[in-house]
Amino acid sequence: MIVLHKYIAAWGLPDISPFCSKTEIYLRMAGWAYTTKTGDSRKAPKGKLPFIEMDGQTICDSSDIIDALEARADHPQGGPLDAGLSLADKAAGRALQSMLEEHFYFITAWNRWGNDAGWAVYQEPLLQYVKQMGIPAFAAGLVTGLIRRDVIKSIRNQGMGRHSEAQINAIGVKLLTALGDWLGDKPYMLGEQPRTLDATAYAFLIGIWDAPINSPLKAYMQSRPNMVAYCERMKARYWQTGS
Ligand SMILES: N[C@@H](CCC(=O)N[C@@H](CS)C(=O)NCC(=O)O)C(=O)O
């Protein structure tokens with residue numbers, strides 16, 4: 001049995017972290033049996049969540065987890081989700097994944113941690129999480145405030161946080177435009193079948209669409225029926241609320 005160490009679910013999302021959502025959605029897409037545990041990122045082997053435990057082994061990083069599971073001979077679907085993809089589709093999938101995880105991530109992070117209205121919403125599940133990690137209720141506000149300060153600093157260090165908020169969102173809309181145009185009228189990101197890229201794409205899109213944070217990113221998604229339909233399609237197949 002696989003144990004997925006993650007943060008916590010909120011607003012109907014698998015997790016407040018897109019990387020934890022990605023991993024859990026992948027586990028469902030591929031049909032792996034798993035349980036979840038609220039993980040302590042301070043004690044995680046790489047200081048980040050998610051990680052999994054499987055057969056006495058610990059694997060960190062959502063992509064390494066997916067790669068390890070995809071390579072297993074006992075894959076529940078008999079073979080990897082990406083089997084049979086052309087080299088061009090594999091390359092496009094890799095590029096889109098990187099765009100979302102290494103670029104778009106910092107835009108979504110800004111909308112949650114940097115923007116005051118976003119923070120007012122995001123702090124709620126974070127308070128719950130830090131309390132579950134043993135922080136006394138009276139100190140939880142202070143602790144989440146300190147984490148916020150560190151995350152904002154890391155977004156500045158990465159570079160995204162040097163832009164104005166309007167510029168950050170304008171970059172975000174450009175990336176969403178690219179993703180929406182790539183999706184077009186296909187049911188899934190790489191065609192008729194869901195592939196590993198869909199775990200990433202869905203995790204990042206529902207982080208915008210289902211989180212109760214109003215932003216230019218959400219407004220843009222509202223204007224793209226194909227992206228909204230994609231989220232509904234993935235949710236109906238893999239993430240019925242409460243399941
Ligand atoms: N490349 C990693 C990224 C994971 C990641 O950035 N997790 C964040 C939450 S979204 C985290 O745990 N941060 C805790 C920290 O940096 O202290 C993956 O794909 O799993």
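Here are some questions and answers about the predicted model shown above.

User: What should I know about this model before we start?
Analyst: It's a predicted model, where local features need pLDDT of at least 70, side-chain atom pairs count only at pLDDT 80 or more, and totals for chains, interfaces and linings use all residues. Residues are numbered from 1 along each chain as its sequence is written, and side-chain values use heavy atoms, with hydrogens and water left out.

User: How many bridges join strand 3 to strand 4?
Analyst: Helices (H or I, at least four residues) and strands (E, at least two) are DSSP runs, numbered from the N terminus, and two strands pair if DSSP finds at least two bridges between them. Strand 3 covers residues 51-54 and strand 4 covers residues 57-60, and they run antiparallel. Phenylalanine 51 has cysteine 60 as its bridge partner, and glutamate 53 has threonine 58. The number of bridges joining these strands is 4.

User: Which residue of strand 3 stands opposite valine 3?
Analyst: Look at strand 1 (residues 2-6), which runs antiparallel to strand 3 and is joined to it by 3 bridges. Opposite valine 3, in strand 3, you'll find glutamate 53.

User: Which residue in the hairpin of strand 3 and strand 4 takes a positive phi?
Analyst: Most residues other than glycine have a negative phi, and most peptide bonds are trans. This hairpin has 2 residues between the strands. The residue with a positive phi, near 50°, is aspartate 55.

User: Is aspartate 55 buried or exposed?
Analyst: Buried means under 20% relative accessible area, exposed over 50%, and partly exposed in between (1.4 Å probe, protein chains only). Aspartate 55 has 61% relative accessibility, so the word for it is exposed.

User: Where is tryptophan 11 found?
Analyst: Tryptophan 11 is not a glycine, yet it has a positive phi of about 55°. At 27% relative accessibility, it counts as partly exposed. Its place is the loop between strand 1 and helix 1.

User: Which peptide bond is cis, with omega near 10°?
Analyst: Check the loop between strand 2 (34-38) and strand 3, where proline 50 is found. The cis bond runs from leucine 49 to proline 50.

User: What residue forms a salt bridge with lysine 22?
Analyst: A salt bridge is a side-chain nitrogen of Lys or Arg within 4 Å of a carboxyl oxygen of Asp or Glu, and by this rule the count comes to 11. In this pair, the closest N and O atoms are 2.7 Å apart. Lysine 22 lies in helix 1 (residues 18-30) and its partner in helix 3, so the pair ties together parts that are 79 residues apart in sequence. Both residues are buried, and the partner is glutamate 101.

User: What residue does arginine 72 meet in a salt bridge?
Analyst: The closest N and O atoms are 2.9 Å apart. Arginine 72 sits in the loop between helix 2 (62-70) and helix 3, with its partner 17 residues away in the loop between strand 3 and strand 4. At 25% relative accessibility, arginine 72 counts as partly exposed. The partner is aspartate 55.

User: Which residue shares a salt bridge with aspartate 181?
Analyst: The N to O distance is 2.9 Å. Aspartate 181 is in helix 6 (residues 165-183), and its partner is in the loop between helix 8 (216-222) and helix 9 (225-238), 43 residues apart. With a relative accessible area of 15%, the partner counts as buried. That partner is arginine 224.
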